[in-house]
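Trainee: I am new to this model and would like a close look at one part of it rather than a tour of everything. Please take me slowly through how the packing is built there, and explain each term when you use it.

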Amino acid sequence: MFSNLLQAFVFQATRRPDARAVVVYQNNRNTTFTWQGLAAMTVEIAGQLDSQRIGFASDNSLADVILPLACMAARTIEVPFDHRLGESVSYLWQQIDGRWLSPSERERLVERAARTRPSEDQLDWLQQASRKIDVSAPALVLWTSGTTSSPKGVVLSHRNLCGNAQAKLKAVPQSNDDVRLTALPLCHAYARTCDLGTWLLSGCTLAVGFGFEAWRTLAPTVRPTLANTVPSMATRLLAADPDELGLGRLRLLGCGGAAMSEADFIKWRDRGVTVIQGYGLTETSPVICSATPGNATAGLVGHFVDGWESEIREGRLFVRGPHVMLGYWNDEAASCQKIDADGWLDTADNVELDEASGQLRILGRTDDVILLSDGRKVHPQSIERDITCIAGIRQAMVVSAGRRIVVWVDADQSCELETLRKKISLQLAPRPTWEQPAEISLFPSPLSQESDELTPKGEIRRDRILANRPYLSQSRPQV
């Protein structure tokens with residue numbers, strides 16, 4: 001059992017130095033790096049990190065694999081930002097302060113490190129560095145999505161990162177024979193733990209790219225056995241040619257961020273691929289629950305992974321354990337509001353336990369619950385997820401309309417409203433009457449990150465949308 005992820009890295013580099021560790025697409029071709037080669041690069045870059053905090057824009061390049069290792073070795077706090085955040089990065093970075101690595105500087109560091117020749121001294125140095133790590137010390141600052149408020153810097157310790165990855169790996173085992181494709185942002189908690197963390201612990205091969213382009217360039221060559229994704233990408237992959245995207249060996253497909261539709265879940269199962277759904281928060285490192293290959297069920301997120309205590313208070317989930325963050329960066333008031341004096345973290349999510357399986361079902365954010373005029377409560381996220389599973393619909397937003405709800409959708413220009421209305425009505429038909437929309441309308445203009453209506457992950461920001469579009473507050477919008 002490892003106490004930190006750098007120990008796991010040293011173990012892999014010592015045991016299998018010449019094995020394939022990482023594959024990246026660069027200079028129009030796939031390039032492979034061994035464990036020993038990564039160790040040499042890590043030592044070289046760690047020697048260049050002369051600040052207590054290192055910040056950079058993350059784009060899932062080779063640097064996003066090596067810099068986390070180098071920061072651990074140098075006992076430097078890593079602060080990655082999603083490269084899609086744009087100008088808001090400057091504001092957020094001002095809250096941290098430290099050394100900022102520009103894209104060109106990151107590239108120079110990696111290019112110089114790639115010329116370093118491997119040696120046994122490097123592994124000895126890394127071994128010593130791993131022993132000096134204080135597991136309770138801050139290791140990483142990740143940013144919340146800002147769905148319901150301004151993004152906050154979540155401070156995670158070495159214990160958080162290693163322990164949560166070990167818990168996830170126990171729920172979903174993998175071996176050094178596996179090939180894991182990473183196409184989700186490594187600056188977000190899901191990929192950081194469930195891709196990077198489990199890769200270091202298992203010693204499998206990690207193929208690193210970004211978005212659908214990673215599937216197009218890397219997957220046909222490496223032919224992954226494991227991958228994590230989000231529902232919209234899972235739907236897109238189902239529509240593509242499996243041979244062209246190298247899907248022939250895929251056995252496990254993790255799905256996070258939202259629930260996959262039951263229809264897509266069944267389609268993947270029919271292809272021989274088990275969909276592993278889970279649940280968590282950036283503040284919980286992030287995995288709270290995970291399905292296993294043996295109990296994966298559509299609409300459910302599995303049982304609690306090792307390390308968690310849990311309580312459901314009036315439908316709202318609270319958790320306590322070693323995976324809870326250290327706190328929000330320089331925001332004690334928000335930290336105390338999120339975690340009480342006894343260590344219980346308020347997830348702000350409404351959940352229920354499935355009686356048959358004991359697995360958790362996520363209903364939606366507590367703050368997002370819509371109270372209809374007749375007293376009924378509606379969880380909009382669940383309805384919106386079902387709607388966005390329909391081809392051509394990018395986003396959906398549920399709004400209260402007296403005793404009923406109305407739905408606004410952002411769809412491709414090729415989609416006809418009447419056709420969408422029929423598809424949405426059919427999709428929501430199994431739901432109770434009050435969860436079926438009285439009206440379905442198209443947003444006059446698309447939602448966008450530029451207008452602050454979407455997070456970098458494509459999630460809707462309700463408060464901002466309502467502020468930007470006052471017509472949504474009308475109880476019966478014009479069709």
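Mentor: What follows begins with one helix and its surroundings and then moves to a sheet with its helices.

The model is predicted, and for that reason local features are taken only where pLDDT is at least 70 and side-chain atom pairs only at pLDDT 80 or more, while totals for chains, interfaces and linings use all residues. Residues are numbered from 1 along each chain as its sequence is written, and side-chain values use heavy atoms, with hydrogens and water left out.

Let us start with helix 3 (residues 63-74), which packs with helix 8 (residues 189-202) at an angle of about 70°, the two axes being 12 Å apart. Helices here are DSSP runs of H or I of at least four residues and strands are runs of E of at least two, numbered from the N terminus; axes are lines fitted to C-alpha atoms, for helices over the stretch in contact, and angles run from 0 to 180 degrees between N-to-C directions. Helix 3 and helix 8 are therefore roughly perpendicular to each other, on a scale where 65 to 115 degrees counts as roughly perpendicular, under 35 as roughly parallel, over 145 as roughly antiparallel and the rest as oblique. Their crossing is right-handed, a word used when the near helix is turned clockwise from the far one by less than a right angle, with left-handed for anticlockwise.

As for the residues involved, Val65, Pro68 and Leu69 of helix 3 meet Arg192, Leu196, Trp199 and Leu200 of helix 8, where contact means heavy atoms within 4.5 Å. The residues of this contact divide into six nonpolar, no polar and one charged; Ala, Val, Leu, Ile, Met, Phe, Trp, Tyr, Cys and Pro count as nonpolar, Asp, Glu, Lys and Arg as charged, and the others, Gly among them, as polar.

In the loop between helix 3 and strand 4 (77-82) you will find Thr76. Thr76 counts as buried because its relative accessibility is 5%, buried being under 20% relative accessible area, exposed over 50% and partly exposed in between, with a 1.4 Å probe and protein chains only. If its neighbours within four places in sequence are left aside, Thr76 is in contact with Leu49, Ser51, Gln52, Arg53, Ile54, Cys71 and Ala139.

Now look at the sheet, an open one of three strands in the order 22-23-24 with mixed pairing. Its edge strands are strand 22 (393-401) and strand 24 (439-442), each of which pairs on one side only, and on average neighbouring strands are turned by 25° against each other, direction ignored. Strand 22 and strand 23 (residues 404-411) pair in the antiparallel sense over eight bridges, and two strands are said to pair if DSSP finds at least two bridges between them. For a landmark, find Met397, which stands opposite Trp408 in strand 23.

Helices also pack here: helix 14 (residues 380-388) lies across strand 22 and strand 23 and runs at about 145° to strand 22. Helix 15 (residues 417-428) packs on the sheet as well, touching strand 22, strand 23 and strand 24, and its direction makes about 135° with that of strand 24.
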